[in-house]
Amino acid sequence: MVLGMGFMSVTNLLKQSGEFHVPVDPLSVASHLNIEVYETDFTLEDGENVSGIVAVEDGQPVIYVSTRDPHVRKRFTIAHEIGHVYLGHLADKENNELIDDEVRLRSATWNLEEKEANEFAARLLMPASLIRGAIDRGRVSIEELAEFFDVSEQAMMYRLKNLGY
Ligand SMILES: [Zn+2]
């Protein structure tokens with residue numbers, strides 16, 4: 001996977017936000033970056049099965065996350081949308097808006113922006129060194145690690161695989 005330069009500094013971003021600990025609060029990171037986050041009930045006008053929308057409104061980055069999604073899904077969506085802002089994905093978008101509906105999220109197999117936003121979210125919520133630390137201290141099952149980092153077991157499984165565990 002080709003990664004943008006923005007990834008070099010995810011750990012720094014966490015440190016600057018005071019969030020280099022477990023679990024990471026993506027809302028604090030958003031706040032540090034002056035990104036507003038709102039929960040909302042998406043309608044069919046927004047798209048089919050929308051989990052998140054990120055936009056720049058009057059120069060202000062804003063993230064909307066679906067009220068209906070489970071807690072861990074909301075956390076990942078917020079981290080993913082922060083990634084879209086942080087990695088500059090909104091620059092060439094019509095209305096400075098990006099809608100993460102079902103179709104767009106599924107495109108992560110080939111869509112570089114979606115891959116990057118997922119990778120950013122994984123690094124933000126599950127920093128490699130903090131995972132190593134947790135494993136060293138005896139948290140070895142996916143269930144335990146997922147609960148500790150407050151992410152889904154699926155996200156943790158994928159992260160561990162990418163880190164070579
Ligand atoms: Zn996305």
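Reader: Is Asp58 buried or exposed?

Author: Happy to start there, and please keep in mind that this model is predicted. Asp58 sits in the loop between strand 2 and strand 3. A residue counts as exposed if 12 or fewer other C-beta atoms lie within 10 Å of its own. Asp58 has 5 such neighbours, so Asp58 is exposed.

Reader: What is the phi of Asp58?

Author: Asp58 is not a glycine, yet its phi is positive. The value is about 50°.

Reader: Is Gly52 buried or exposed?

Author: Gly52 belongs to strand 2. The cut-off for a buried residue is 20 or more other C-beta atoms within 10 Å. Gly52 has 28 of them, so Gly52 is buried.

Reader: Which residues are in contact with Gly52, leaving aside its neighbours within four places in sequence?

Author: Let's look around Gly52 in strand 2. The C-alpha atom of Thr40, 12 residues away along the chain, is separated from that of Gly52 by 9.2 Å. With neighbours within four places in sequence left aside, the contacts of Gly52 are Ile63, Tyr64, Val65, Ser66, Thr77, His80, Glu81 and Asp100.

Reader: How are helix 3 and helix 5 oriented to each other?

Author: Two packed helices are described by the angle between their axes and the distance between the axes. For helix 3 (residues 71-86) and helix 5 (residues 112-125), the axes are 8 Å apart and the angle is about 120°. Angles of 65 to 115 degrees count as roughly perpendicular and those over 145 as roughly antiparallel. The pair falls in neither range, so helix 3 and helix 5 are oblique.

Reader: Is the crossing of helix 3 and helix 5 left-handed or right-handed?

Author: On the helix 3 side, the residues that meet helix 5 include Phe76, Ala79 and Ile82. On the helix 5 side, Ala117, Phe120 and Leu124 are among them. The contact has 9 nonpolar, 4 polar and 2 charged residues. As for its hand, the crossing is right-handed.

Reader: Which helix supplies the largest share of the largest nonpolar core?

Author: This core has 36 residues, and those with the most contacts inside it include Ile63, Ile82 and Val151. Several elements each supply at least two of its residues, among them helix 1 (10-16), helix 2 (26-32), strand 2 (52-57) and strand 3 (60-66). The largest share is 7 residues, and it comes from helix 3.

Reader: Which residues does Ile82 contact, leaving aside its neighbours within four places in sequence?

Author: Ile82 is one of the residues with the most contacts inside the core. Ile82 also takes part where helix 3 meets helix 5. Apart from neighbours within four places in sequence, its contacts are Pro26, Val29, Ala30, Leu33, Ile35 and Leu124.

Reader: How are helix 7 and helix 8 oriented to each other?

Author: Their axes come within 9 Å and cross at roughly 110°. Leu145 and Phe149 of helix 7 are among the residues in the contact, as are Met156 and Leu160 of helix 8. By class, the contact has 7 nonpolar, no polar and 2 charged residues. Since angles of 65 to 115 degrees fall in one class, helix 7 and helix 8 are roughly perpendicular.

Reader: What is the phi of Asp150?

Author: Asp150 lies in the loop between helix 7 and helix 8. With 17 C-beta neighbours inside 10 Å, Asp150 is partly exposed. Its phi is positive, in a residue other than glycine, and is near 60°.

Notes: Residues are numbered from 1 along each chain as its sequence is written. This is a predicted model: local features need pLDDT of at least 70, side-chain atom pairs count only at pLDDT 80 or more; totals for chains, interfaces and linings use all residues. Axes are lines fitted to C-alpha atoms, for helices over the stretch in contact, and angles run from 0 to 180 degrees between N-to-C directions. Helices (H or I, at least four residues) and strands (E, at least two) are DSSP runs, numbered from the N terminus. Angles under 35 degrees count as roughly parallel, over 145 as roughly antiparallel, 65 to 115 as roughly perpendicular and the rest as oblique. A crossing is left-handed if the near helix is turned anticlockwise from the far one by less than a right angle, and right-handed if clockwise. Two residues are in contact if their C-beta atoms, placed from the backbone, lie within 7 Å. Ala, Val, Leu, Ile, Met, Phe, Trp, Tyr, Cys and Pro count as nonpolar, Asp, Glu, Lys and Arg as charged, and the others, Gly among them, as polar. A nonpolar core is a set of buried Ala, Val, Leu, Ile, Met, Phe, Trp, Tyr and Cys residues joined through C-beta atoms within 7 Å.
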